[in-house]
Amino acid sequence: MILILAGLRPALLKHKIVHVLVKACLCSGAKEDDDDITTNLGNPPKLSKKKWRKNFRNKPASNEHLPWEERLADSVTPLWRLSYYDQLQLKQKHQEMILLQLSDQLLCGESTQHKALTQCPSPPRSTKLSFPLLPILPSPVRDGYRNKSTFSVNRGVDGNPKTVGFYVGTGKVGNIVCVNGDHLLNMPERHKLVARCYQDFLRLSALEPCLLFHDGGHWREVTVRTNAAGHTMAIVYFHPQRLTPEEIEVHKSSLVEYFTQGPGAICQLDSLYFQESSMTRCSHEESPYQLLHGQPHIHEEILGFKFRISADAFFQVNQGAADSLYRTVREMGLPNGAREGGGGGTLLDVCCGTGAIGITMSPRADRVIGIELIQQAVEDARHNAALNQIQNCEFLPGKAEVVLPGLMEVLGSTTDSGGPLTAVVNPARAGLHYRVIRALRNNSSIRRLLYISCKPEGEAMRNFRELCCSPDPHRKLTGEAFRPTVAVPVDMFPHTPHCELLLVFER
């Protein structure tokens, strides 16, 4: 089955944006029904080194001959032309290639500890992993799964600068065009509706959009957040330029009126936020989110636990797949036999966000300690623990590289007789700071560490090497080395090449 965007002409599968990926990674053989998508994902035929290098270096052909909608779909959801079974095959093979690269580096030892993997790596020499890579867990929802979307504002295909959508092109080349995202398979209808209404509002407003900060203008992008219950939050970003507070109030009032009494009332917003900022991105502490209408939060449920979602809180963008991910983390993260009622020792949740992992694992742990940089997320995590009547969780604010070393000294003395210490880390794409890795590696009480990464071939690979390399007193990595024992991909992002990888390390 080939997925074709509704209303668009079919495009050839040989279009290189998909073709190169498929040739490099996709498993061959007879296709199965989508209902049995996790079958036979583990044994694809091997590529020769020559073909592997050729396919890696191939660059996608220009798609400028395609309609704008297809060009956007190829940018945002590059796998939209493939059946879901084929998408999972591709991702499974890609994760295997990444982990084979890790195996190669660990086998080569110290001489390759700092070798970069991201430019044009050699094909993996290993043909078999030393630990199991389980079949990828599919997303329960394949279309319209995103619970958070940010829509940009810029010149559209017709030249109108008040167009809301997604970019095709790059600022470096100067060929950016903003294209409406109504046809994108990963966007839910509620998000598309808010984007259309926001565009209508902009075109009615006397103020110009802010396309480039130094060119003036005010209206910027809009972020839409939804939950499984259908509640909707919208956050509008605004550059004040030289407007007075009184003038800004007038335009805030017109925004509220449009979405509560005007045409935008069809969106049925539960929350409408407004943030003034002269920076590309800023936190709530730097420029507070102003609640203009409705409730301050929406709530989501994961594995039977409820979570409060603030305007800037991190939450997995696919609620159904997050269920699968956190269930797997819970099953693999605590010692055998740890079930409801504690007995699993202490769980250390690094980069804990709003506390989802720690809270969902708390019934099996004696104690949960979370560390998170963003103060608002820590407050949400504490609220979520109280909301679920969880009493064995505590959440500490601050940089993990600052908080963790001192905490490790305390935990090292308290866990000697108090049960096992398990760590779960879920960092951003930049990976963990070296001091965090060092603190985790050098605490002998940690026997199991779970690493969740949305880009394991990036900076996370450096973390993997530092966890598993031979002890190195010069780099202050004196603890016993970890070894990877099992890996599980989870498809958090259907129609894209990306997925989450859960990698379990033990020693």
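Rings of Phe, Tyr and Trp (its six-membered ring) form an aromatic pair if their centres lie within 6.5 Å; planes under 30 degrees apart count as stacked, over 60 as edge-to-face and the rest as tilted. With that rule, a search of the whole structure finds 10 aromatic pairs.

This is a predicted model, where local features need pLDDT of at least 70 and side-chain atom pairs count only at pLDDT 80 or more, while totals for chains, interfaces and linings use all residues. Residues are numbered from 1 along each chain as its sequence is written, and side-chain values use heavy atoms, with hydrogens and water left out.

**Figure 1. Welcome to the whole chain, with its 12 helices and 16 strands.** Helices (H or I, at least four residues) and strands (E, at least two) are DSSP runs, numbered from the N terminus. Of the 507 residues, 55% are buried, where buried means under 20% relative accessible area, exposed over 50%, and partly exposed in between (1.4 Å probe, protein chains only). The accessible surface of the chain is about 22300 Å², and carbon and sulfur atoms hold 52% of that surface. Such areas come from the Shrake-Rupley method with a 1.4 Å probe; for residues, only the protein chains shown count as cover. A contact means heavy atoms within 4.5 Å. Take the contacts between residues at least 6 apart in sequence: 68% of them join residues at least 24 apart.

**Figure 2. Here is an open sheet of seven strands, in the order E3-E2-E1-E4-E5-E6-E7.** Its pairing is mixed. Its edge strands, E3 (177–179) and E7 (290–294), each pair on one side only. Neighbouring strands of this sheet are turned by 35° against each other on average, direction ignored. Two strands pair if DSSP finds at least two bridges between them. Strands of a sheet pair through backbone hydrogen bonds, either parallel or antiparallel. Look for E2 (residues 163–168), which runs antiparallel to E3 and is joined to E3 by three bridges. One place to zoom in is Tyr167, whose bridge partner in E3 is Cys178.

**Figure 3. Two helices meet the sheet that holds E2 and E3.** Helix H3 (residues 68–76) lies across E2 and E3, at about 65° to E2. Helix H6 (residues 245–260) packs on the sheet and touches E4 (219–226), E5 (232–238), E6 (271–276) and E7. The direction of H6 makes about 155° with that of E6. For these angles, axes are lines fitted to C-alpha atoms, for helices over the stretch in contact, and angles run from 0 to 180 degrees between N-to-C directions.

**Figure 4. Trp219 and Phe238 make an edge-to-face pair.** The ring centres of Trp219 and Phe238 are 4.9 Å apart, with 75° between the planes. Trp219 belongs to strand E4 and Phe238 to strand E5, 19 residues apart. Both are buried: Trp219 has a relative accessibility of 0%, and Phe238 also has 0%. Ring pairs link Trp219 and Phe238 into a cluster with Phe201, Tyr258, Phe259 and Phe274.

**Figure 5. Phe307 and Phe315 make a tilted pair.** The ring centres of Phe307 and Phe315 lie 6.1 Å apart and their planes are at 55°, so the pair counts as tilted. Phe307 is buried, at 0% relative accessible area, and Phe315 is buried too, at 6%.

**Figure 6. The charged end of Arg71 sits over the ring of Trp68.** That charged end is 3.9 Å from the centre of the Trp68 ring. A charge sits over a ring if NZ of Lys or CZ of Arg is within 6 Å of the ring centre and within 35 degrees of the ring normal.

**Figure 7. Another open sheet of seven strands has the order E12-E11-E10-E13-E14-E16-E15.** Its pairing is mixed, and its edge strands are E12 (393–397) and E15, each pairing on one side only. Neighbouring strands here are turned by 15° against each other on average, direction ignored. Strand E11 (residues 367–372) pairs with E12 in the parallel sense over five bridges, and Glu372 has Pro397 in E12 as its bridge partner. Helix H9 (residues 375–387) lies across E11 and E12, at about 170° to E12.

**Figure 8. Leu303 and Lys476 have positive phi values.** Most residues other than glycine have a negative phi. Phi of Leu303 is near 50°, and phi of Lys476 is near 60°. Leu303 is in the loop between strands E8 (298–302) and E9 (305–309), and this residue is buried at 15% relative accessible area. Lys476 is in the loop between helix H12 (459–468) and strand E15 (483–490).
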